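Here are some short exercises to work through with the model open beside you. Try each task before you read its solution.

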Amino acid sequence: MVFVKNWEDFEIAAENMYMANPQNCRYTMKYIHSKGHILLKMTDNVKCVQYKAENMPDLKKIEKITSNLVGHMASKE
């Protein structure tokens with residue numbers, strides 16, 4: 001598992017992974033209350049990319065990718 005340091009790299013890697021193989025992609029989000037961190041993970045059973053958001057301004061970015069990817073995943077049959 002690879003932790004990506006900046007948001008732009010995670011967003012590009014997650015979108016490319018999903019577009020390459022939408023049938024096998026999974027996206028998870030985990031909130032760690034004690035530390036105030038959010039962990040995002042995208043995997044396609046071969047590769048895994050993770051991002052850890054440690055501050056609140058990242059929440060708007062997370063909301064954008066979540067609505068785009070999850071909305072696209074839900075619209076597929």
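**Exercise 1.** Which residue in β3 does Arg26 stand opposite?

*Solution.* Before starting, note that this is a predicted model, in which local features need pLDDT of at least 70, side-chain atom pairs count only at pLDDT 80 or more, and totals for chains, interfaces and linings use all residues. Residues are numbered from 1 along each chain as its sequence is written, and side-chain values use heavy atoms, leaving out hydrogens and water.

Step 1: find the strands, which, like helices, are DSSP runs numbered from the N terminus (strands E, at least two residues; helices H or I, at least four). Strand β2 covers residues 26-32 and strand β3 residues 37-43; they run antiparallel, joined by seven bridges. Two strands pair if DSSP finds at least two bridges between them.

Step 2: look across from Arg26, and you meet Thr43 in β3.

Step 3: follow the chain round the hairpin that β2 and β3 form, with four residues between them. In this turn, Gly36 has a positive phi of about 75 degrees.

**Exercise 2.** Find Asn45 and list what its side chain meets.

*Solution.* Step 1: go to the loop between β3 and β4, where Asn45 sits. Asn45 is exposed, with a relative accessible area of 51% (exposed means over 50%, buried under 20%, partly exposed in between; 1.4 Å probe, protein chains only).

Step 2: leave aside neighbours within four places in sequence; Asn45 is then in contact (heavy atoms within 4.5 Å) with Asn24 and Arg26.

Step 3: examine Arg26, which is 19 residues from Asn45 along the chain, with 8.5 Å between their C-alpha atoms. Their side chains make a polar contact at 2.6 Å. Such a contact is a pair of N or O atoms within 3.5 Å; within protein, one must be able to donate a hydrogen and the other to accept it, and residues adjacent in sequence count only if both atoms are side-chain atoms.

**Exercise 3.** Describe how Trp7 and Tyr51 are arranged.

*Solution.* Step 1: a search of the whole structure finds three aromatic pairs. Rings of Phe, Tyr and Trp (its six-membered ring) pair if their centres lie within 6.5 Å; planes under 30 degrees apart count as stacked, over 60 as edge-to-face and the rest as tilted.

Step 2: Trp7 and Tyr51 form an edge-to-face pair, 5.2 Å centre to centre with 70 degrees between the planes. Trp7 lies in helix α1 and Tyr51 in strand β4, so the pair ties together parts 44 residues apart in sequence.

Step 3: both Trp7 and Tyr51 are buried, and ring pairs link them with Phe10 into a cluster.
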